[in-house]
Amino acid sequence: VHWVNENMSKMTSSDGTMVMDGTIQDITKRKMAESQIELLKIAVDNSAESICITDKNGIIEYINHAFEDLSGYSRDELIGANPRILQSGEHDEQFYENLWQKLLDRQTWYGSFINRKKDGALYHEKASISPVLDSAGKITHFIAVKRDISEDLEKEKLLRQSQKMESIGTLAGGIAHDFNNILSPILGFCQLSLASVDKDSVLEDNLTEINKAALRAKDLVKQILTFARKSDEGVSAIKIHPIVKETLKFIRSSIPVNIKIESDIDNVS
């Protein structure tokens with residue numbers, strides 16, 4: 001199957017006979033090229049990457065749907081505008097001067113932007129901007145292909161935080177085990193001493209308090225090991241009010257003294 005372009009006209013010969021005269025031009029290659037261009041346009045329009053084409057002065061001539069969705073601006077608002085409409089103020093003048101200098105040197109610029117959407121929200125994007133040259137080597141356009149990396153950066157932040165917590169857990173686990181080794185002789189000798197002192201004596205009272213404190217420290221070590229995931233603890237029902245009271249004690253020591261804590265905790269069974 002071939003595409004052709006026909007030009008035909010009806011003519012009358014000298015003897016009065018009606019004839020057709022004209023040309024037929026094969027335009028199959030042109031049609032195939034147009035089809036490929038249309039396919040490319042559809043692909044660019046629906047690309048997940050945001051694409052922007054500007055003239056040599058930086059005036060926007062084309063944007064795809066992803067660019068509209070990311071920036072919040074419509075195509076009508078952006079065509080004819082300058083990309084500086086997206087500037088967030090987070091980059092200094094030197095940043096943009098270095099970018100333009102590289103492009104004017106006919107090189108592709110790679111980097112990241114912090115830009116501002118139409119609604120004022122900031123977003124991070126990774127970009128490559130390339131100059132388009134004509135047959136004489138002169139710059140005619142610039143093409144920017146960009147990708148929103150805000151979510152990726154947030155995931156990296158969460159991963160770093162998770163790694164920090166894991167490191168803290170490992171450190172806490174090591175300290176807890178060492179602390180357990182210190183508590184064991186304290187409890188052991190305390191209980192041996194309790195068995196050999198006079199009942200109702202001051203020394204017995206003192207040793208009893210030491211024993212209580214050591215047992216409380218042992219319980220705290222268990223909590224640290226649970227946090228560090230070094231022990232196999234099961235899930236069970238608990239009374240919440242003692243934990244809340246204990247938590248308030250910790251909070252009290254970590255906030256300024258001019259902040260007053262008021263609590264109203266019912267001692268439910």
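Me: Ala, Val, Leu, Ile, Met, Phe, Trp, Tyr, Cys and Pro count as nonpolar, Asp, Glu, Lys and Arg as charged, and the others, Gly among them, as polar. How many residues of each class are in the lining of the second largest pocket?

Reply: This is a predicted model; local features need pLDDT of at least 70, side-chain atom pairs pLDDT 80 or more, while totals for linings use all residues. Residues are numbered from 1 along each chain, and side-chain values use heavy atoms, without hydrogens or water. The pocket (an open set of 1 Å grid points fitting a 1.4 Å probe, protein on both sides within 12 Å along at least five of seven lines) has 12 lining residues (an atom within 4 Å of a point). The classes split as six nonpolar, two polar and four charged.

Me: Which element gives the largest share of that second lining?

Reply: α6 (202–227) and α7 (240–252) each give two or more residues to the lining of the second largest pocket. Helices are DSSP runs of H or I, at least four residues; strands are E, at least two. Seven residues of this lining, the largest share, come from α6.

Me: Which element leads in the lining of the largest pocket?

Reply: The largest pocket has 21 lining residues, with Asn82, Pro83, Arg84, Trp100 and Ile129 closest to its centre. β3 (50–55), α4, β5, β6 (122–133) and β7 (139–148) each supply at least two. The largest share, four residues, comes from α4.

Me: Is Asp200 buried or exposed?

Reply: Asp200 has a positive phi of about 60° without being a glycine. It lies in the loop between α5 (150–196) and α6. Its relative accessible area is 74%, over the 50% cut-off (1.4 Å probe, protein chains only), so Asp200 is exposed.

Conventions: Buried means under 20% relative accessible area, exposed over 50%, partly exposed in between (1.4 Å probe, protein chains only).
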